[in-house]
Amino acid sequence: MSATNHVRLNDVAQARDWIENARSIAVLTGAGISAESGIPTFRGPGGFWNNHRPEDLATPQAFARDPKLVWEWYDMRRQRVAAAKPNAGHRALAKLEAHAPTFTLITQNVDGLHHAAGNRNIIELHGNLWQVRCVACCRHEENRSVPLAPLPPQCACGGWMRPAVVWFGEAMPAEAMWQAGLAAEKCDVFLVCGTSAVVYPAAELPGRAMSAGARVIEVNLEATPFSDYAHVSLRGKCGELLPQIIRVPACPEPLI
Ligand code: BV8
Ligand code: ZN
């Protein structure tokens, strides 16, 4: 992908216009959109835990080596997420889904905050913190949104349970990745929010959308490897910028 287009830096009005006139919108979010809900990002300050880098803990090798250590990291994150609320950035995307003719939310996040904000057409590329899966032959998977003492949790069959997320070096869920690619290639506006755009294959999606003719808008606190390619790149917080570019009337209160 060559940076042929002249990226419009901080052109909020252009981003708002493209979103308001879009027939089909796809969104890719990363840890940055949950930062204002108090959830540390992966590569920013707070991403480290007890001197461990996420990349060193979110791997099958780390779990095989020390399942209790990996579970202590996930349990800390589950407790943080349980206390977190969706922020204005999450809520803006929920409003957008309620008003856009066609809308798909693709997230790398495992915190479930998009669902809590009201989005429904969500593709969780990397799984979900609340799901656990047996590592023994039974492969049983269930939602365990409860405290998990003792760690690691055990399956009824006696095997250890692991977080049902995609670790580094693990294959992506084929159906989720397929649907995400379709949404990226069919949309006319692709929004990239709060991601450092360094984790693959998720980081391929904005380029696939652009190659298919979509207008790509990036919203991120810092520049990323994608910033020079986006049609519009907005520098700032999702919680502040998304409500500025998503100017739809508040969706009507759900009828009781
Ligand atoms: C796979 C789940 C193959 C676990 C995660 C090609 C090239 C290079 C490398 C690879 C490649 N293909 C594969 C790889 C290897 C690897 C990879 O990409 N590594 C990277 C580090 C180089 N990819 C994989 O291993 C993937 N698997 O390809 O398998 C395969 C095929 C067949 C058979 C076997 C194997 C699997 C990747 C999934 C890993 N799991 N998470 C968990 O969460 O515990 S990834 C992890 O990183 C999180 O999901 C996270 O969401 C994701 C991406 O990070 P970001 O979300 O972008 O977060 P980050 O902190 O980096 O950035 C936040 C951004 O927000 C920053 O830019 C910051 O400025 C900004 N920000 C902060 N606050 C705000 C803000 N912006 C706006 N507002 C704010 N308030
Ligand atoms: Zn089992």
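## Strands, domains and salt bridges in a predicted model

In strand 6, Glu-142 is the bridge partner of Val-132. This pairing belongs to a predicted model, and the account below begins with the strands around Val-132 before turning to the domains, the main sheet, the salt bridges and some backbone details.

### The antiparallel strands

Strand 5, which covers residues 127-134, pairs in the antiparallel sense with strand 6 (residues 141-143) over 3 bridges. Strand 5 also pairs with strand 7 (residues 161-165), again in the antiparallel sense, and here the count is 4 bridges; in strand 7, Met-161 is the bridge partner of Cys-134. Strand 5 is mostly covered, with 7 of its 8 residues buried. Between strand 5 and strand 6 there are 6 residues, and the two strands form a hairpin. Arg-139 lies in the loop between these strands, and its phi is near 55°, a positive value in a residue that is not glycine.

### Two domains and their contact

The chain is divided into domain 1, made of 12-39 + 86-126 + 172-256, and domain 2, made of 44-83 + 129-165. The C-alpha centres of the two domains lie 27 Å apart, and 5 residues of domain 1 are in contact with 6 residues of domain 2. The size of an interface is often given as the accessible area lost when the parts come together. For domain 1 and domain 2 this buried area is about 490 Å², of which 63% is on carbon and sulfur atoms. On the domain 1 side, Ile-39, Val-110 and Asp-111 lose the most area to domain 2, and together they account for 70% of what that side buries.

What is the count of salt bridges between domain 1 and domain 2? The count is 0 salt bridges, while 1 residue pair, with both residues at pLDDT 80 or more, is in polar contact between the domains.

### The parallel sheet

An open sheet is formed by 7 strands in the order 1-10-9-8-2-3-4, and the pairing is parallel. Strand 1 (8-9) and strand 4 (122-124) stand at the edges with a single partner strand each, so one side of each is left without a neighbour in the sheet. At the strand 4 edge, strand 3 (residues 102-107) runs parallel to strand 4 and is joined to it by 3 bridges; within this pairing, Leu-105 stands opposite Ile-122 in strand 4.

### Salt bridges

Side chains of opposite charge can pair when their charged atoms come close. In this model the count comes to 10 salt bridges, and the table lists three pairs, with the distance given between the closest N and O atoms.

| Acidic residue | Basic residue | N to O distance |
|---|---|---|
| Asp-188 | Arg-23 | 3.0 Å |
| Glu-55 | Arg-43 | 3.0 Å |
| Glu-185 | Arg-208 | 2.8 Å |

Which parts of the chain does the salt bridge between Asp-188 and Arg-23 tie together? Asp-188 lies in the loop between helix 7 (174-186) and strand 8 (189-193), and Arg-23 lies in the loop between helix 1 (12-20) and strand 2 (24-29), so this pair ties together parts that are 165 residues apart in sequence. Asp-188 counts as buried at 16% relative accessibility, whereas Arg-23 is exposed at 59%.

Glu-55 forms a salt bridge with Arg-43; because Glu-55 lies in helix 2 (residues 54-57) and Arg-43 in the loop between strand 2 and helix 2, the pair ties together parts that are 12 residues apart in sequence. Arg-43 counts as partly exposed, with a relative accessibility of 39%.

The side chains of Glu-185 and Arg-208 also meet in a salt bridge. Glu-185 lies in helix 7 and Arg-208 in helix 8 (residues 205-211), so this pair ties together parts that are 23 residues apart in sequence. Glu-185 is partly exposed at 38% relative accessibility, and Arg-208 is partly exposed at 30%.

### Backbone details

A cis peptide bond joins Ala-149 and Pro-150, with omega of about -10°, and Pro-150 is placed in the loop between strand 6 and strand 7. The peptide bond from Tyr-200 to Pro-201 is also cis, with omega near 0°; Pro-201 is found in the loop between strand 8 and helix 8. Asn-10, although not a glycine, has a positive phi of about 60°, and its place is in the loop between strand 1 and helix 1, where Asn-10 counts as partly exposed at 41% relative accessibility.

Notes
Residues numbered from 1 in each chain as written. Chains lettered and ligands numbered in written order. Heavy atoms only, no water. Salt bridge = Lys/Arg side-chain N within 4 Å of Asp/Glu carboxyl O. Buried < 20%, exposed > 50% of the residue type's maximum accessible area, 1.4 Å probe, protein only. Pairing = 2+ DSSP bridges. Domains from an automatic or database assignment. Contact = heavy atoms within 4.5 Å. Buried area = accessible area lost by both parts, 1.4 Å probe. Polar contact = N/O pair within 3.5 Å; in protein donor to acceptor, adjacent residues only side chain to side chain.
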